[in-house]
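Visitor: I'd like to go through this one with you and ask how each label is earned. Could you show it to me?
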Amino acid sequence: MKKYWTDLGASVVVFLVALPLCVGVAVASGVPAELGIVTGVVGGIVVGLLPGSTMQVSGPAAGLTVLVADAVSRHGIQALGVIVLGAGLLQVALGLARCGRWFRAISPSVVQGMLAGIGLVLIFGQLKHLVVSPVALALGLLTVLIMLLWQRSPLRVVPGILVGVVVCTALAEVFASPVDRITVGTLSTDVHLPDFSLLNTGIIGTAVVFALVASAESMFSAAAVDRMHNGPRTQYNKELVAQGVGNTICGLLGALPMTAVIVRSAANVSAGARTKASRVLHGVWLLLFVVLLPGLLTLIPVAVLAAVLVHAGWKLLGLREVVTSWRTDKAESFIFVLTAGLIVATDLLTGTVAGLLAAVIKTAWDVSRLQVTVTPEGVALRGNATFLKLPVLLDELDRVDREHVRMDLSGVRHLDQACGQAIDQWVDESRRAGKTVDLVGR
């Protein structure tokens, strides 16, 4: 019985963390605020009940704001439901095809670069709401300051995000600050079925991108959350199906896409959650709030939510990991910078694909390490002889000028067709020239 009381308390904590994030992500994505809460409700109640993960909590994520905002600007908000629905169905298919674990087979530098690029775009996109007036800037700075300081207080069991939003909203009301507030509509107006007449190749392509990015973010979150607790491990394929079901329902409601969110998940674990009940109940509290108290959202200044998102974007940068990576592997750091920079300069898909290609090239280069040593007896090869090292190999072989040559291949772990043919050709030419060539280890 005790664990259920613990789950009840944890659900309240997660609800208090999720509420401002749901609203903030929706506003940053260019959609009505209440649609963010709808996604949070589906992520809590629907995904929370499905098998997959026990502790991670789903909802609208800051990492998808760039994609959603771009999709809404290109295709219109009416197309959002179709895109999210398509993404959800694709996620279900990928989960049933047992592709869940494959999303973890991505270079960490690409993942960090993707998150950092999203963080930078998020920060730059929210600064316009903070610099509109001195009052807006002051409210934003105070929000961030409260969030940072609250984490060091003995009362940090109450989420710092909520404290910052409540305090600054109250100050704005008391002093009747001339700043923009959140606009809130009604669920009956903003929740709608998807319009399939809008379906085209552009929307299908966007849905595929949504599915891949959301799936990757959810799988990365699952791996991180599993390291935070000692309970049951995530079943990745089932979790991917659960995320797909959640996004399918969000698409049918015209709401935001969802992922598993590390901020809420970490809050859930830290609050002492033991079972799925905590994440399901947090969805219930969100539902009650959006039905009974939607008017409270209209009191929140836009600058306050912008500050919350700037803080979230800053955390996505992961500067500590960047510094560590730079000290240990500068090539990985280059991939990180390339991915993040191209996301800021172009778009999320271009930056991520470029980062993945760079990671593949680096891996190919790493596994193609070949040492060619010319000895008094002949030539000794060590490592992986691939076509990437063919010029080096040919240059070294051209330096060999003796009547009897011993070519030692015993140290070669892998010999691809290009290098194998080059060696055979060199041996044949040497023998035709009257030299003696002994091959060892082949």
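Guide: Let's begin with a network of salt bridges that links Arg382, Arg406 and Asp408. The model is a predicted one, where local features need pLDDT of at least 70, side-chain atom pairs count only at pLDDT 80 or more, and totals for chains, interfaces and linings use all residues. Residues are numbered from 1 along each chain as its sequence is written, and side-chain values use heavy atoms, with hydrogens and water left out.

Visitor: What makes the contact of Arg382 and Asp408 a salt bridge?

Guide: The term asks for a side-chain nitrogen of Lys or Arg within 4 Å of a carboxyl oxygen of Asp or Glu. For Arg382 and Asp408 the N to O distance is 3.5 Å, so the pair qualifies under that cut-off. This pair links distant parts of the chain: Arg382 sits in strand β4 (residues 378-385) and Asp408 in strand β5 (residues 404-415), 26 residues apart. Strands here are DSSP runs of E with at least two residues, helices are runs of H or I with at least four, and both are numbered from the N terminus.

Visitor: Why is Asp408 called buried?

Guide: Buried means under 20% relative accessible area, exposed means over 50%, and partly exposed lies in between (1.4 Å probe, protein chains only). Asp408 has 10%, so Asp408 is buried. Its partner Arg382 comes to 35%, and therefore counts as partly exposed.

Visitor: How many salt bridges are counted by this rule?

Guide: The count is six. One of them joins Glu173 and Arg181, with the closest N and O atoms 3.0 Å apart. Glu173 has a relative accessible area of 38% and is therefore partly exposed; Arg181, at 22%, is partly exposed as well. Another joins Glu332 and Lys362 at 3.3 Å. That pair links helix α15 (residues 330-345), which holds Glu332, to helix α16 (residues 348-367), which holds Lys362, 30 residues apart. Both Glu332 and Lys362 are buried.

Visitor: How do you know how many disulfides there are?

Guide: A disulfide is a covalent bond between the sulfur atoms of two cysteines. The test used is a pair of cysteine sulfur atoms within 2.5 Å, and the count comes to zero. As for single cysteines, Cys99 has 22% relative accessibility, so Cys99 is partly exposed, whereas Cys419 has 0% and is therefore buried.

Visitor: What makes the nonpolar surface patch with Leu288 and Leu292 a patch?

Guide: Patch members need over 30% relative accessible area and no salt bridge; nonpolar side chains (Val, Leu, Ile, Met, Phe, Trp, Tyr) are joined within 5 Å, and like charges within 9 Å. Leu288 has 41%, so Leu288 passes the area cut-off and is labelled partly exposed. Leu292, at 62%, passes too and is therefore labelled exposed. Leu288 lies in helix α12 (residues 277-292), and Leu292 is found in helix α12 too. The patch, about 600 Å², also includes Leu287, Val291, Leu293, Leu296 and Leu299. Areas come from the Shrake-Rupley method with a 1.4 Å probe, and for residues only the protein chains shown count as cover.

Visitor: Which residues does the "transmembrane region" annotation cover?

Guide: The unreviewed UniProt entry lists several spans, among them 196-214 and 284-314. UniProt positions are in the numbering used here, feature names are shortened, and annotations may be inferred rather than shown by experiment. In the model, residues 284-314 are 71% helix and 0% strand, with end C-alpha atoms 30 Å apart. Residues 196-214 are 74% helix and 0% strand, with their end C-alpha atoms 22 Å apart.
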